[in-house]
Amino acid sequence: MKALNRIVERACWAPRRIVLCEGEDERVLQAAVKAARAGIARILLVGKRQAMVAMAADRGLDLNGIELLDPADSPLSEPLAMELYELRRHKGMTREQAEDAVREPLCFANLLVREGYADGSVAGAVNTTADVVRTAIQVLGLAPGSRLVSSFFLMMLCKPFHNLKGGMIFSDCGLVIDPDADQLAAIAMAAADSAEALLGEEARVAMLSFSTSGSAQHGYVEKVVQAARRVKTERPELAIDEDVQLDAAIVAEISERKLPESQVKGRANVLVFPNLEAGNIGYKLAERIGGAEAIGPLLQGLAKPANDLSRGCSIEDIYHVIAVTTVQAQAADARQLVSA
């Protein structure tokens with residue numbers, strides 16, 4: 001079974017409340033209906049109510065089972081505005097500014113997640129990545145112990161010609177431009193958690209470099225080594241290779257020759273790139289030349305799930321991100337039970 005199919009199946013086992021704040025976009029509306037019909041989530045759709053209803057009627061879409069929320073008339077707007085004011089007044093936000101902000105669907109949706117009316121949010125078909133990430137950080141905040149918000153792509157390698165089969169996590173390919181060693185360590189640990197939540201298997205992390213086990217000496221290599229050693233200190237149970245070239249990270253025979261003491265042994269399912277330039281190039285090469293399916297950029301490190309979309313996304317893209325967000329919410333619930 002494709003790794004993506006397993007994620008959709010897991011979402012169906014225990015659907016969560018996922019809010020979409022761009023309900024007046026036809027792709028979002030179509031994806032919401034598809035997700036609700038498939039049972040991967042309980043959908044809350046935010047936007048102008050009349051516009052959403054009119055578009056659904058025009059396209060012959062059944063909105064039964066989908067909760068429509070219009071910030072202009074929702075009884076939740078006032079308490080959410082008060083919550084936002086309390087949250088942001090130390091930054092100078094006034095009560096009037098909070099009331100204005102809550103009328104914006106992106107802010108309204110994230111407040112729904114913060115206050116427990118929804119379990120996760122998906123946006124970005126209309127809003128920019130900068131707006132999606134900034135609002136999520138301001139409203140949801142960082143997860144306990146998290147140092148920063150980063151991103152990852154869920155890469156699906158499921159075609160007959162793929163030597164590697166299944167899913168992989170590529171991080172960070174969309175957000176943190178030039179992480180220092182501490183930030184790179186945080187990205188690696190968050191990506192490992194993402195792998196275990198979404199792939200349903202133990203993370204095997206490769207800290208990518210142009211060096212393998214000290215074969216080259218440079219400040220860029222040293223940063224990767226320092227990051228990996230910090231991960232080992234904080235997460236000694238995690239399988240992770242320090243500076244490692246891509247071939248040794250994903251090909252067992254090459255790993256055995258280049259890095260016989262490897263913990264990952266050429267079977268990495270998490271690739272951590274040294275900077276955004278490498279990550280962005282890497283995932284696009286895998287997608288465009290390698291034929292991998294790229295889902296994302298998805299966000300990690302937040303207190304509650306909130307994911308971004310490309311403004312060029314398709315209905316199918318949105319549907320899959322809804323499924324991923326449900327599974328992330330399931331994992332967050334499981335972590336809360338363990339820590340309670």
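Reply: Buried means under 20% relative accessible area, exposed over 50%, and partly exposed in between (1.4 Å probe, protein chains only). Bear in mind that this is a predicted model, where local features need pLDDT of at least 70 and side-chain atom pairs count only at pLDDT 80 or more, while totals for chains, interfaces and linings use all residues. Residues are numbered from 1 along each chain as its sequence is written, and side-chain values use heavy atoms, with hydrogens and water left out.

Me: OK, rings next. How many aromatic pairs does the structure hold?

Reply: Rings of Phe, Tyr and Trp (its six-membered ring) pair if their centres lie within 6.5 Å; planes under 30 degrees apart are stacked, over 60 edge-to-face, the rest tilted. There are 2 such pairs here. One of them, Phe153 with Tyr283, is stacked, at 3.8 Å centre to centre with 20° between the planes. It links distant parts of the chain, as Phe153 sits in strand 5 (residues 150-157) and Tyr283 in helix 12 (residues 276-288), 130 residues apart. Helices (H or I, at least four residues) and strands (E, at least two) are DSSP runs, numbered from the N terminus.

Me: Are Phe153 and Tyr283 buried or exposed?

Reply: Both Phe153 and Tyr283 are buried. Helix 12 also holds Ile281, which counts as partly exposed because its relative accessibility is 48%.

Me: Which residues form a nonpolar patch with Ile281?

Reply: Patches take residues with over 30% relative accessible area and no salt bridge, joining like charges within 9 Å and nonpolar side chains (Val, Leu, Ile, Met, Phe, Trp, Tyr) within 5 Å. A salt bridge puts a side-chain nitrogen of Lys or Arg within 4 Å of a carboxyl oxygen of Asp or Glu. Areas are Shrake-Rupley with a 1.4 Å probe; for residues, only the protein chains shown count as cover. Here Ile281 joins Leu285 and Ile289 on the surface, with about 320 Å² of accessible area together.

Me: And which residues of helix 1 are buried?

Reply: In helix 1 (residues 3-13), they are Ala3, Leu4, Ile7, Val8 and Ala11. Down the axis of helix 1, the buried residues fall within an arc of 145° (from directions between the helix axis and the C-beta atoms), so they line one face.

Me: Any odd backbone spots?

Reply: Most residues other than glycine have a negative phi, and most peptide bonds are trans. Lys265, not a glycine, has a positive phi of about 60°. The peptide bond from Ser171 to Asp172 is cis, with omega near -10°, and the one from Gly296 to Pro297 is cis too, with omega near 10°. Pro297 is in strand 10 (residues 293-300).
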